Amino acid sequence: MGPMGSGKSTLGSVLARRLGLQRLDADDLFVAENGPIAAYFSTRGEPAFRQAEEDVIAEVLSRAEPCVLSLGGGAVLSALTRDRLAQGSHVVYLTVGEGAALERLKGGAGRPVLAGDPGRTWRRILAERHGLYREVSQWTVDTTGRSTHDLADQIIRLVRTAENPSETSSENHRSVHP
C-alpha cells in the first residue's frame, strides 16, 4: 500500500510472479464488480465508494489462500480495513518522493483527483494518510529511484525473515531505506 505513484500495482505483479502467488488489485476488483471508479465516485459519492471498496478488500482478505494484494491509496481510510490488514497480513508501506510519483503519474494525467495543482494535491493526500499507512504496515520501503526487481528482492527477504524469525536479518525492522 502507499500513495499514488508509489509502484503498488507494478511491484505487486512482480512480487506475485516471483512468489508464485495470485496477484490481485483492489481497484481492478472494484471495477469488475462496480464499474469505473470515477463514475461510481461521482454518482454515488465517496462514502458509498469507500464502503464498496471496504467490501471488496474484506472478501479478498477472508480467502484462505495467500495472494499479493495491491490496495488503492485510500483503502487505509477505513478503520475496518486497517483492522483486517492487521490480522495476519504482511503489509508493506511503499513510499516515494513527490517528483518520482508525479513523473510516474505523468503529472496527474488521467487522475481527476490531481487536477489543478497535482503536486500540492498529492502532498495533501499523503499528509492525510501517512499516519494510517504507518499504523498498518510492518515495513516501510522507499521506492524512489529503485528498480522493481531490487524492491521485490528486498520485500521477499523481509517477509521470509518475518515468517522464519529464527533467521536474523539486518532488515528485520520497521523502516527500510536504500
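**Figure 1. Packing of helix α3 on helix α4.** In this predicted model, helix α3 (residues 37-44) and helix α4 (residues 46-61) cross at roughly 130°, and their axes come within 7 Å. An angle of that size is neither over 145 degrees nor between 65 and 115 degrees, so α3 and α4 are oblique to each other. On the α3 side the contact is made by Ile37, Tyr40, Phe41 and Arg44, and on the α4 side by Glu46, Ala48, Phe49 and Ala52. By class, these residues divide into six nonpolar, no polar and two charged.

**Figure 2. Packing of helix α1 on helix α8.** Two packed helices are described by the angle between their axes and the distance between the axes. For helix α1 (residues 8-19) and helix α8 (residues 148-163), the angle is about 60° and the axes are 9 Å apart. The pair α1 and α8 is therefore oblique, and the crossing is right-handed. From α1, the residues in the contact are Thr10, Leu11, Val14, Leu15, Arg18 and Leu19. They meet Thr148, His149, Leu151, Ala152, Asp153, Ile155, Ile156 and Arg160 of α8. The contact of α1 with α8 has eight nonpolar, three polar and three charged residues.

**Figure 3. Salt bridges around Arg23.** Arg23 belongs to strand β1 (residues 22-25). The side chain of Arg23 forms a salt bridge with that of Asp25, with an N to O distance of 3.1 Å. Asp28 is also part of the arrangement: Arg23, Asp25 and Asp28 are linked in a network of salt bridges. Arg23 counts as partly exposed because its relative accessibility is 25%, whereas Asp25, at 7%, counts as buried. Leaving out residues up to four places away in sequence, Arg23 touches Ser9, Gly12, Ser13, Ala16, Asp28, Val68 and Ser70. As a distance reference, the C-alpha atoms of Arg23 and Thr95 are 20 Å apart in space, with their positions 72 residues apart in sequence.

**Figure 4. The salt bridge between Arg82 and Glu135.** The closest N and O atoms of Arg82 and Glu135 are 3.2 Å apart, in a salt bridge. Arg82 lies in helix α5 (residues 79-85) and Glu135 in helix α7 (residues 118-136), so the salt bridge ties together parts that are 53 residues apart in sequence. Arg82 is buried, with a relative accessible area of 13%.

**Figure 5. The salt bridge between Arg63 and Glu59.** Arg63 pairs with Glu59 in a salt bridge whose closest N and O atoms are 2.8 Å apart. Arg63 counts as partly exposed at 27% relative accessibility. Glu59 is also partly exposed, with a relative accessible area of 39%. The search of the whole structure finds 10 salt bridges.

**Figure 6. Surroundings of Val91.** Val91 is found in the loop between α5 and β3 (92-95). Its relative accessibility is 6%, so Val91 counts as buried. Apart from neighbours within four places in sequence, the residues in contact with Val91 are Met1, Leu85, Val136, Ser137, Gln138 and Trp139. Tyr40 gives a distance reference: the C-alpha atoms of Val91 and Tyr40 are 27 Å apart in space, and the two residues are 51 residues apart in sequence.

**Figure 7. Surroundings of Leu126.** Leu126 lies in helix α7. At 19% relative accessibility, against a limit of under 20% for buried residues, Leu126 counts as buried. Pro3, Tyr93 and Tyr133 touch Leu126, when residues up to four places away in sequence are not counted. Leu126 and Leu61 are 65 residues apart in sequence, and their C-alpha atoms are 24 Å apart in space.

**Figure 8. Backbone conformation at Lys106.** Most residues other than glycine have a negative phi. Lys106 is not a glycine, yet it has a positive phi of about 55°. The residue Lys106 is placed in the loop between α6 (98-104) and α7. With a relative accessible area of 66%, Lys106 is exposed.

Conventions
Residues are numbered from 1 along each chain as its sequence is written. This is a predicted model: local features need pLDDT of at least 70, side-chain atom pairs count only at pLDDT 80 or more; totals for chains, interfaces and linings use all residues. Side-chain values use heavy atoms; hydrogens and water are left out. A salt bridge is a side-chain nitrogen of Lys or Arg within 4 Å of a carboxyl oxygen of Asp or Glu. Buried means under 20% relative accessible area, exposed over 50%, partly exposed in between (1.4 Å probe, protein chains only). Helices (H or I, at least four residues) and strands (E, at least two) are DSSP runs, numbered from the N terminus. Axes are lines fitted to C-alpha atoms, for helices over the stretch in contact, and angles run from 0 to 180 degrees between N-to-C directions. Angles under 35 degrees count as roughly parallel, over 145 as roughly antiparallel, 65 to 115 as roughly perpendicular and the rest as oblique. A crossing is left-handed if the near helix is turned anticlockwise from the far one by less than a right angle, and right-handed if clockwise. Contact means heavy atoms within 4.5 Å. Ala, Val, Leu, Ile, Met, Phe, Trp, Tyr, Cys and Pro count as nonpolar, Asp, Glu, Lys and Arg as charged, and the others, Gly among them, as polar.
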